[in-house]
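Open the model in your viewer, switch to a cartoon view and keep the selection panel at hand. We will go from one stop to the next, with a selection for each.

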Amino acid sequence: MKTLFDPELWKKAWINDPEASVNRMRRAGMEPTRSFDTDVKARSFHEKAFNEEGRKRSARIMGWLKAQGVAFDQAAVLDIGAASGGFSIPFAEEGACVTAVEPSAPLAALLQAGITPALKGNVDIVQEPFEDVSIEDKGWHGKFDLVFASMCPAIFGWDMVEKALSCASRYCYISTTAGPKEHNLIEELRPVLGVPAQEPTSDMAYITQLLNLYGYAYQALVTRETQPTVMPLDMAVKHTLGSFSSFGLPTDSGSLREAEAYLRKTYAERAVPVVQGGLFGKVLVRLKDQHME
């Protein structure tokens, strides 16, 4: 039982968990810091961040933060993995002074283009991976009222969590996966290919366990979020087979042919319902030197 209270074991378990989000990305052949290094991928991500649903998501998260006592007006905010500004821009619109860390050149360019004249001077872009940023050289220790990292692959492992925490004077927000990714067609194909269900895992579980062990105060929330859509059969087949590696399904030609044959036989020429999503967690850490509200 003592092992449950040994932070070193939890740190190693997280880094070595093959189903942890970053390890799963790497197994699928994706380098987390270069996921959006093409204009096409960056533009697609940008459009999703700023469409109606993307804006609603940003508003929901900001509303949750406000409900916990976070104020944005005149606050210093560090946005780690800012992408094209899905949160940096709304933070600045609320009166925050934002330092946006985004290593991807295409995403940083989109963020720069989104800074309106009214927001000039409110958003400073740092185009470096957070992993490589020297907190000492930049003078970031305890500099920010809020450190914010939404679904950011840079926050992987306790060392990176501690680095983010060290930049905050009041609050640190981290969101990440809280369970396996979901895809209805992938799950339908698992028994067809003889692939077992995903092992349950959760980056959020590691974060909250280590926060507990180190005595941090925090609020946490886990939600199940899904995105249903309907695709033409050809598109659904291409999309599903292209997702095999990220879900741990075999990508040899035989498995792909078997999966495609099953989908075409099962759905014929009908439109195919595709539901993607999963469990997602967010945690707001209240730093010990926080002023009383």
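The tour below starts at the sheet, goes on to the helices packed on it, and ends with a helix pair and a salt bridge. Keep in mind that this is a predicted model.

**Stop 1: the sheet.** Colour the strands first. Seven of them form an open sheet in the order 3-2-1-4-5-7-6, with mixed pairing. To find the edges, select 123-126, which is strand 3, and 217-231, which is strand 6; each of these pairs on one side only. Neighbouring strands in this sheet are turned by 15 degrees against each other on average, direction ignored.

**Stop 2: strands 5 and 7.** Now select 168-183 and 272-286. These are strand 5 and strand 7, and they pair in the antiparallel sense over ten bridges. Show K181 as sticks, and opposite this residue you will find G278 of strand 7.

**Stop 3: helix 8 on the sheet.** Add residues 158-166, helix 8, to the view. This helix packs on the sheet and touches strand 1 (76-80), strand 4 (144-150), strand 5 and strand 7. The direction of helix 8 makes about 145 degrees with that of strand 5.

**Stop 4: helix 10 beside it in the tour.** Select 203-213 for helix 10, which lies across strand 5, strand 6 and strand 7 and runs at about 145 degrees to strand 5. How do helix 8 and helix 10 pack, at what angle and with their axes how far apart? The angle is about 65 degrees and the axes are 11 Å apart; the crossing is right-handed. Turn on side chains for W158, V161 and L165 of helix 8 and for I207, L210 and L211 of helix 10, which make the contact. Six of the contact residues are nonpolar, with no polar and no charged ones.

**Stop 5: helices 11 and 12.** Move to 233-242 and 253-267. Helix 11 and helix 12 pack at an angle of about 150 degrees, with their axes 10 Å apart, so helix 11 is roughly antiparallel to helix 12. Their crossing is right-handed. Show L233, D234, V237, T240 and L241 of helix 11, which meet L256, A259, E260, L263, R264 and Y267 of helix 12. The residues of this contact divide into seven nonpolar, one polar and three charged.

**Last stop: a salt bridge.** The structure holds nine salt bridges. For one of them, select E52 and K56, whose side chains meet at 3.3 Å, N to O. Both belong to helix 4 (residues 52-67), and because they are four residues apart there, about one helical turn separates them.

Methods. Residues numbered from 1 in each chain as written. Predicted model: local features only at pLDDT ≥ 70, side-chain atom pairs only at ≥ 80, totals over all residues. Heavy atoms only, no water. Pairing = 2+ DSSP bridges. Helix = DSSP H or I, 4+ residues; strand = E, 2+ residues; numbered from the N terminus. Axes fitted to C-alpha atoms, helices over the stretch in contact; angles between N-to-C directions. Contact = heavy atoms within 4.5 Å. Parallel < 35°, antiparallel > 145°, perpendicular 65-115°, else oblique. Left-handed = near helix turned anticlockwise from the far one by under 90°. Nonpolar A, V, L, I, M, F, W, Y, C, P; charged D, E, K, R; others polar. Salt bridge = Lys/Arg side-chain N within 4 Å of Asp/Glu carboxyl O.
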